[in-house]
Number of protein chains: 2
Amino acid sequence: MKRFNVAVVGATGVVGREMIKTLEQRNFPVNKIKLLATERSAGTEISFRGEKIKVETAKSGVFDGVDIALFSAGSNASKELAPIAVKEGAVVIDNSNAFRMDTDVPLVVPEINPEKIKEHNGIIANPNCSTIQMVVPLKPIYDEVGIDRIIVSTYQAVSGTGKDAIEELLQQTKAYINKEELTSRVYPYQIAFNVLPQIDVFEENNYTREEMKIVHETRKIFNDNDLKITATAVRVPVINGHSESVYIETKEHICIEKLRSLLRNTKGVKLIDEVENLKYPLPIITENEDDVLVGRLRKDLSIKNGINMWVAANNLRKGAALNAIQIAEELIKII
Amino acid sequence: MKRFNVAVVGATGVVGREMIKTLEQRNFPVNKIKLLATERSAGTEISFRGEKIKVETAKSGVFDGVDIALFSAGSNASKELAPIAVKEGAVVIDNSNAFRMDTDVPLVVPEINPEKIKEHNGIIANPNCSTIQMVVPLKPIYDEVGIDRIIVSTYQAVSGTGKDAIEELLQQTKAYINKEELTSRVYPYQIAFNVLPQIDVFEENNYTREEMKIVHETRKIFNDNDLKITATAVRVPVINGHSESVYIETKEHICIEKLRSLLRNTKGVKLIDEVENLKYPLPIITENEDDVLVGRLRKDLSIKNGINMWVAANNLRKGAALNAIQIAEELIKII
């Protein structure tokens, strides 16, 4: 079996560490691994397959001999270093927002549009976490009866921001319990015992960038620019695991039993929809979960083709690291 | 000025205590106050206007001489005791779900339908917290351009469940921080660092009772049985202050500037919508707030008359105690 030289850029971040773990758990055919980060984090040691690997500084020259470079170090790092990695011979799978909407960059969720991978010009983009977990369960519905519109409200965990945000939530929580003063550095306001209707910066149109990512990326992944979609993205004091209240209107009618059976047979989806036994998706049960959890399926009783559902997923795994590795798994079939 | 004998049933609960505080803060013309609760809580002392008042057991006979009885002791207590209070001469303002949908019981939000108060037959119902904070800002829009449909996802604080739930969130949070085991008694699952897509019990149609309360109560308050509305109610680890992601489709077009100006001039609403300065409603800023906070107003860019908004309110005040006292204030104008 052919083995590949893999680099992880942003190796010390929450997604980077999850990528390393996922490569290991899924037995990705790694020949040599290179762990890369900013100069500040260089020297850190991280285990891979029982071996301690020293993190090196990500810079021009280090991608020489690398087959696949997994990037998760933020948009600026991707913009600067991904083209260099490509020039040095790597295929980049980028978890940042830098190239997702570029017309010559495939935006891939392997359960949905794996065929786009072969169109890459050196860079393949991994969608945003909140987009991925929504499109995976919507895809079979889209194919079966069509989707006219989507209205989504998110409940997003702090791990989506990074390790500083996890630290901030825990610090603020401790301070609150000890009746000490709360300080905020990562978020504009206290996140402990609060919810923030802002994720990422505000755009000109008064939507946040996170909300517009969901809109644009979903259209690109479904290859449907007419899809009506609007989003409200909200940060909640959950450590890991994003949840979403997803409302859709289908083009044709579908009954809930048929919908359940569709989702039960969808790869990457786990249906948890037994309200009589109080079983439904929860962020705390996504911890060791690769699948997107879907439940609370019900018809909007006031309109013909409206459906409510509740979706939860591990935003670091399917929402980021796992999806990137799954792209890599498809990629190596063709390189 | 005429003064009234007031009873508070459920005086030791979170809403009961807020009612007592609100009567005091708003200088409600109280002649004598009677604090009532279950036998278990009888004997507790609670301050009112600097005087310690002993809580008595709520039972037949105690409502003799009471003009207004404010009930917030749960549906069962209301079903049992409200008819008795009425028979003994009191007008009941009931915060429970017991009578809200009864055709001969007015369901009142004083900013919206105060005229219904005079139709009472002894009982006036206070709507559910999640309904009140939604209908207050929707009313001026409903009147101006009509509302065709509503799709709401809630982010509800644990105080809505009661003091045991606040205690449970704090206990679980402490246990988590101290790496101890978490136990749940009030909620079916851990609420600390988690979100629960279940509030109240499940109905036959797979919606929760909380979700159906929003549907039925909104239609009754707007006196519009054709209003299309669907809800997803979610508990979040916030101590106090409910938030809602409210999506509406208006019948006629309205621009955001006009909408802002409407809401700026709506009694009971405070518009906080300056995203350029990161100003928007948050549950933590509802603590001393009587108004419903509204912000993040924006058009659904994919459809003609769709509008997203974010609403937060103190669920114990405008969502419960304050609305009840405001009903009492209207009531005493006509008795």
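Here are some questions and answers about how the parts of this predicted model fit together.

Residues are numbered from 1 along each chain as its sequence is written, with chains lettered from A and ligands numbered from 1 in the order in which they are written. Because the model is predicted, local features need pLDDT of at least 70 and side-chain atom pairs count only at pLDDT 80 or more, while totals for chains, interfaces and linings use all residues.

Q: What kind of axis relates chain A and chain B?
A: Chain A lands on chain B with an RMSD of 0.0 Å after a rotation of 180 degrees and 0.0 Å of shift along the axis. The fit is by least squares on the C-alpha atoms of residues with pLDDT of at least 70 in both copies. That makes the relation a two-fold axis.

Q: How many residues does each chain put into the contact?
A: Residues are in contact if their C-beta atoms, placed from the backbone, lie within 7 Å. By that rule, chain A gives 48 residues and chain B gives 48 residues.

Q: Which class, nonpolar, polar or charged, has 27 residues on the side of chain A that touches chain B?
A: Ala, Val, Leu, Ile, Met, Phe, Trp, Tyr, Cys and Pro count as nonpolar, Asp, Glu, Lys and Arg as charged, and the others, Gly among them, as polar. On this side of chain A, 14 residues are polar and seven are charged. The class with 27 is nonpolar.

Q: How do helix 3 and helix 5 of chain B lie to each other?
A: Helices here are DSSP runs of H or I, at least four residues, numbered from the N terminus. Helix 3 (residues 129-145) of chain B packs against helix 5 (residues 209-221) of chain B at about 45 degrees, with the axes 9 Å apart; axes are lines fitted to C-alpha atoms over the stretch in contact, and angles run from 0 to 180 degrees between N-to-C directions. Angles under 35 degrees count as roughly parallel, over 145 as roughly antiparallel, 65 to 115 as roughly perpendicular and the rest as oblique. So helix 3 and helix 5 of chain B are oblique.

Q: Which helix supplies the largest share of the side of domain 1 of chain A that touches domain 2 of chain A?
A: An automatic or database domain assignment sets the bounds, giving domain 1 (4-127 + 320-331) and domain 2 (131-315) in chain A. Between them, 14 residues of domain 1 of chain A meet 17 residues of domain 2 of chain A. The largest share on the domain 1 side, three residues, comes from helix 7 (residues 317-331) of chain A.

Key
Two residues are in contact if their C-beta atoms, placed from the backbone, lie within 7 Å. Helices (H or I, at least four residues) and strands (E, at least two) are DSSP runs, numbered from the N terminus.
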